[in-house]
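Here are two short exercises to work through with the model open beside you. Try each task yourself before reading its solution.

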Amino acid sequence: MFVLIPRSSDGQVLSGVDELGRILPQYEETGAKKANRHVGLFYFLWQGDKSSPTSERHWDLSELYAKTPAVFKDFDHPGWGGGAGQPGKYYFWGESIYGYYRGDDYWVHLKNMQLLTDAGVDFLVIDATNRLTYPKQSVVLMEAIETVRKQGKQPPQIVFYTNTASGEAMEEIYNNYYKDNAPHRYPNCWFHLEGKPLIIGLSREAAGRDYADFFTIRESQWPNEPQKINGWPWIEFQRPQKVYYNHKGEKEIVNVSTAQHPNLEASMGGSAFYEQAGNWGRSYRNSSPGNPTTDLWHGYNVQEQWNFALQQDVPFIFITGWNEWIAGKWRRSTGDKNQALFVDQANAEYSRDIEPSLTDGLKDHYYMQMVGNIRHYKGTDTVSPLGIRRVISQWSDWKEVTAAYTDYVGDVLHRRHPGAQSDPEITYINETGRNDFETLKVAASDEALYFYAQTAADITPTSGDNWMTLWLNVDQSYQSGWYGYDFRVVNGNELQRYVNGFWRHIGALNHQLSGNQLMITVPLTVLGLPTQRINLEFKWSDNMQKADPLDWYVNGDAAPGGRFNLLISYP
């Protein structure tokens with residue numbers, strides 16, 4: 001018999017490893033799924049909005065500091081870009097794998113909803129703390145969530161977090177998205193608590209308003225305020241973090257954050273660019289700043305918080321954050337007025353985004369770390385034996401194979417959308433989406449493994465080594481092969497093995513292609529596998545553009561996505 005680990009509703013049974021060698025935990029480590037465990041993730045929509053205008057010509061702080069650090073000594077230096085002497089221009093601290101995108105880019109949100117569904121995130125906490133509710137961007141995000149939900153998945157739902165003019169902001173949100181005649185009403189996107197849609201704000205400002213009884217309201221909680229009953233913290237300035245209690249006196253929520261700025265006067269920018277101490281970057285741990293040169297990628301700061309949070313047995317963990325990316329440039333009111341003030345984000349070390357990044361080697365390390373911690377918090381499914389050994393020789397044989405992995409469909413959507421950069425206007429174009437994986441199956445006899453892939457439309461003609469590629473990790477070691485993959489099948493029938501840094505031709509395989517279906521037969525002896533006690537991992541990809549696992553997040557299609565694999569196990 002064999003075991004195929006398919007995607008569960010929250011993606012927690014996928015296998016994988018990050019580039020640091022951290023293997024995703026499975027049932028043996030996490031235990032069974034736990035009841036009443038929910039994960040919220042701070043999610044941002046303000047990139048490129050007119051209220052947060054991106055600086056012209058220069059917009060990446062990490063790049064600007066590396067090339068022209070003198071700019072940071074003069075607030076009015078022309079090297080800051082257009083409107084150099086004006087406060088209120090916004091800068092990205094670094095670059096997402098999706099580029100410097102705008103908050104209304106549906107293509108980006110759809111990619112993110114797939115990643116966060118796989119990660120097991122239950123709801124997104126939309127940042128409306130500065131009174132702005134980003135109506136256009138919010139609708140685009142909800143449409144992406146609906147797309148994933150309609151495919152039978154369980155994507156994150158929505159919670160808005162308000163603070164400034166909280167009563168007015170909540171009323172606008174209610175009128176736009178929640179009331180019966182709201183113009184953009186997506187009730188399947190609402191996250192409920194205590195039987196009502198959840199919103200975060202100031203309950204005293206909601207008193208007497210039409211929506212007061214419609215929502216369950218939790219209190220916006222700042223780290224420098226006294227601890228509130230029903231407080232929901234978006235960040236903490238103490239270690240270990242506070243545990244917040246609800247009105248019933250029950251433990252309710254703990255925050256974990258990638259980085260913090262308890263030295264508010266210095267701000268993140270003060271630590272990143274002006275050697276001002278007192279803030280906690282990504283490398284912070286054991287009451288020490290750590291060494292970003294060696295520690296940046298490991299997430300020591302946030303892991304220290306996860307370790308505490310996992311011990312608290314709370315029903316909610318709030319993660320800060322996914323994709324804030326930008327920070328406003330302001331004049332300091334005290335100290336050296338030539339220094340620019342960047343409060344919440346500044347560079348790779350002093351930033352909080354978990355979304356995979358191209359800056360300073362961050363890659364997807366924080367995403368994979370988050371997935372692992374969510375599994376420890378929520379538990380995972382057990383693996384049940386599925387099916388029996390059988391020979392597959394024709395299409396009809398696959399009807400007897402009921403174990404299947406169902407991939408997202410529609411993720412080969414082409415992208416053409418303006419970036420957040422205002423001068424020059426930059427349009428992001430991605431037309432690599434081609435064959436859209438829909439269903440994967442695997443079967444085995446005593447002599448061979450059989451792999452099946454079905455796509456949403458007819459498979460395109462064979463076209464090079466990036467066409468409908470099957471990746472195989474046959475020894476479950478991530479130290480051997482190409483990122484752990486010992487073999488791959490290209491062009492539908494050519495088996496290659498990774499040897500001394502190169503893919504070497506091994507031989508031709510039997511395969512069949514018909515319409516939207518492809519199946520491949522791989523003899524066990526060719527893979528060097530025994531007939532008993534077989535364990536291997538695999539994935540499919542199509543139209544990969546470069547030899548880098550990060551490519552699976554962006555180009556063509558991969559099933560499962562990113563660094564995730566499916567596992568086959570034979571006793």
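**Exercise 1. Sort the lining of the largest cavity by class: how many residues are nonpolar, polar and charged?**

Step 1. Remember that you are looking at a predicted model. Start with the full lining of the largest cavity, which has 16 residues.

Step 2. Sort them by class. You should find six nonpolar, four polar and six charged residues.

Step 3. Look towards the centre of this cavity. Gln114, Asp411, Trp552, Gly561 and Gly562 are the lining residues nearest to it.

Step 4. Now see which elements contribute. At least two lining residues each come from α3 (106–119), α12 (551–554) and β28 (557–559). The biggest share is that of α3, which provides four residues.

Step 5. Finish with the volume. The largest cavity measures about 160 Å³, and the model has five cavities of 30 Å³ or more.

**Exercise 2. Explain why strand β20 (residues 448–455) is largely enclosed by the rest of the structure.**

Step 1. Find the partner on one side. Strand β19 (residues 437–444) runs antiparallel to β20, and seven bridges join the two. In this pairing, Leu440 sits opposite Ala453 of β20.

Step 2. Trace the connection. The chain passes from β19 to β20 by a hairpin of three residues.

Step 3. Find another partner. β20 also pairs with strand β26 (residues 517–523), again antiparallel, over seven bridges. Here Tyr450 faces Thr521 in β26.

Step 4. Check burial, counting a residue as buried under 20% relative accessible area. Seven of the eight residues of β20 are buried, so the strand is largely enclosed by the rest of the structure.

Definitions and conventions:
Residues are numbered from 1 along each chain as its sequence is written. This is a predicted model: local features need pLDDT of at least 70, side-chain atom pairs count only at pLDDT 80 or more; totals for chains, interfaces and linings use all residues. Side-chain values use heavy atoms; hydrogens and water are left out. On a 1 Å grid over the protein atoms alone, a cavity is a set of points where a 1.4 Å probe fits but cannot get out, and a pocket is an open set with protein on both sides within 12 Å along at least five of seven lines; lining residues have an atom within 4 Å of a point. Grid points are joined across faces, edges and corners, and a volume is the space filled by probe spheres set on the points. Ala, Val, Leu, Ile, Met, Phe, Trp, Tyr, Cys and Pro count as nonpolar, Asp, Glu, Lys and Arg as charged, and the others, Gly among them, as polar. Buried means under 20% relative accessible area, exposed over 50%, partly exposed in between (1.4 Å probe, protein chains only). Two strands pair if DSSP finds at least two bridges between them.
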